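Me: I've got a structure open and a pile of terms I don't quite trust yet. Can we go through them one at a time?

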Amino acid sequence: MIDIVVVLRAEDAVLDFLSVLTDDHGGETRVILGDRAEILTLAAGTDTAERLARLASHVRPVTDGIAAPGPEVLAGLLSRAGAWRDGQEGPYAHDGRSRETVRIWTHSPADTRRSRGRLGRDTALAHAGRPDGGSELRHAVGYSPYLQFLSDLDRPLPRHLIAAKLDFVNRSCGHLLAERDPDYVVQTPHIPAAERFFDADPAERERLYALMASLDDEAASVVDPWEFGSSPYEERRLDATAAWVRDHCAGAEGPLVEVGACEGALTRRLAAAGFTVRATEPNSAFRDRLTAAFAGSEAVTVDGADLAELAKEDGPPHAAAHLLIEMLYYGQDLALLDGLATDRVFVALEPEALTSRLQPWLERSTLWRADEETVLVPPQVETVCAGRAYLSKRGSVGLLLRRTAG
């Protein structure tokens, strides 16, 4: 038996994979350090203290440029570590002897620390399609403050291994306990007492990876990453949002400007209700899908303007309303709303963001007032990624803003 543990940094091997490092199967454990493109071999027969001391010597300070090395480099490292033998696809080597079983362990593609999530996804890509001779690939649940995972293998650590893990953290990771970067700080939730693992097929891995992305191209690496087309919660939210807009804008002159239309889940509903919609989407991958979905439509036009660009536009056409639906989470300057060519803005946010972000700005604004506040959908717990995980969706509150001057 050979275990190959693929991690971003040395401390990850102990924090999330200590049960693998101490699995008494009589074989070697090989640790691939992604940030250094290096392989550590922990010989069979070495005890826990020896293994942890070896890893402790490779714990590094946090520096700029820490990143997963990519699928091609990882494929080479896995090959060197013995993950497969080219030309020996079956369970037996050419001499007829049984090959050693290889197990590969790595980060979750949904690890909130993005560099770990990328390494987990890239390790799976490197492994896919190779003559692995029956090796299995398994992901650690790892750090996942937003998702609860349905795991396939749970390993509660006995007290002596908990003690070893905590001693490793205190002796070797003291600088990380005070680290300010959330990707590299080590706090209580990063030190699990039970290590949990799951299997995933390629489609599931990609959806998990995209689900935890923000607005970059990685979010658009799969179609409908936030499951607007299959989630009962999202269907209710979108239906309620479209009905809210329809009730206030029926008969109004000018188009609706939907800012950040993504792939058009709300756009379709607005067009079906008879509105002319200008759907704007800065992300090129989402915009391509949006354009394809409404090709030939006279009711919907698509362009790439973001909120800042819309705020700079001058002159007609004056919009019936601008729609900022579930998109003011990313640090946009709310003063940009003052420049929008409309007297009416529909904003939808989760309740906490509405209270902490929008309301204080609105209280200071001399140009806008809240005309109506409505609960579009209450919070609900829902599964994602075909039931692999579940999370609490926090509800959506709509606020209709009307211009008071200017």
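Me: Let's start with α3 and α4. What makes them count as meeting, and which residues take part?
Reply: Contact needs heavy atoms within 4.5 Å. In this predicted model, Pro71, Leu74, Ala75 and Leu78 in α3 meet Leu119, Asp122, Thr123, Leu125 and Ala126 in α4. Sorted by class, that contact has seven nonpolar residues, one polar and one charged.

Me: How are those two helices placed?
Reply: Helix α3 (residues 71-80) and helix α4 (residues 114-127) pack at an angle of about 65 degrees, and their axes are 8 Å apart. The crossing of α3 past α4 is right-handed.

Me: Why is α1 called roughly antiparallel to α5?
Reply: Look at the angle. The axes of α1 (residues 10-21) and α5 (residues 159-172) cross at roughly 160 degrees, coming within 10 Å. Angles over 145 degrees count as roughly antiparallel, so α1 is roughly antiparallel to α5. The crossing is a left-handed one.

Me: And which residues of α1 and α5 meet?
Reply: From α1 you have Glu11, Val14, Leu15 and Leu18, and they meet Leu161, Lys165, Phe168 and Val169 in α5. By class there are six nonpolar residues, two charged and no polar ones.

Me: What makes α2 roughly parallel to α5?
Reply: The axes of α2 (residues 48-56) and α5 cross at roughly 25 degrees and come within 11 Å. The cut-off for roughly parallel is under 35 degrees, so that label fits α2 and α5. Their crossing is right-handed. Thr48, Leu52, Leu55 and Ala56 in α2 meet Leu161, Ala164, Phe168 and Ser172 in α5, which by class gives six nonpolar, two polar and no charged residues.

Me: How do you know that Asp199 and Arg138 form a salt bridge?
Reply: Check the distance: N to O is 2.9 Å, and the limit is within 4 Å. So the pair qualifies as a salt bridge. Asp199 lies in the loop between β8 (194-198) and α7 (202-211), while Arg138 is in strand β5 (residues 136-140), so the pair ties together parts that are 61 residues apart in sequence. Searching the whole structure turns up 35 salt bridges.

Me: Where should I be careful with the prediction?
Reply: The chain averages a pLDDT of 92, and 94% of the residues score at least 70. Over residues 87-98, though, the pLDDT is below 50, even if this stretch has 17 contacts in the model beyond near neighbours in sequence. Where pLDDT is low, don't read the predicted coordinates in detail.

Note on methods. Residues are numbered from 1 along each chain as its sequence is written. This is a predicted model: local features need pLDDT of at least 70, side-chain atom pairs count only at pLDDT 80 or more; totals for chains, interfaces and linings use all residues. Side-chain values use heavy atoms; hydrogens and water are left out. Axes are lines fitted to C-alpha atoms, for helices over the stretch in contact, and angles run from 0 to 180 degrees between N-to-C directions. Helices (H or I, at least four residues) and strands (E, at least two) are DSSP runs, numbered from the N terminus. Angles under 35 degrees count as roughly parallel, over 145 as roughly antiparallel, 65 to 115 as roughly perpendicular and the rest as oblique. A crossing is left-handed if the near helix is turned anticlockwise from the far one by less than a right angle, and right-handed if clockwise. Ala, Val, Leu, Ile, Met, Phe, Trp, Tyr, Cys and Pro count as nonpolar, Asp, Glu, Lys and Arg as charged, and the others, Gly among them, as polar. pLDDT is the predictor's confidence in each residue, from 0 to 100. A salt bridge is a side-chain nitrogen of Lys or Arg within 4 Å of a carboxyl oxygen of Asp or Glu.
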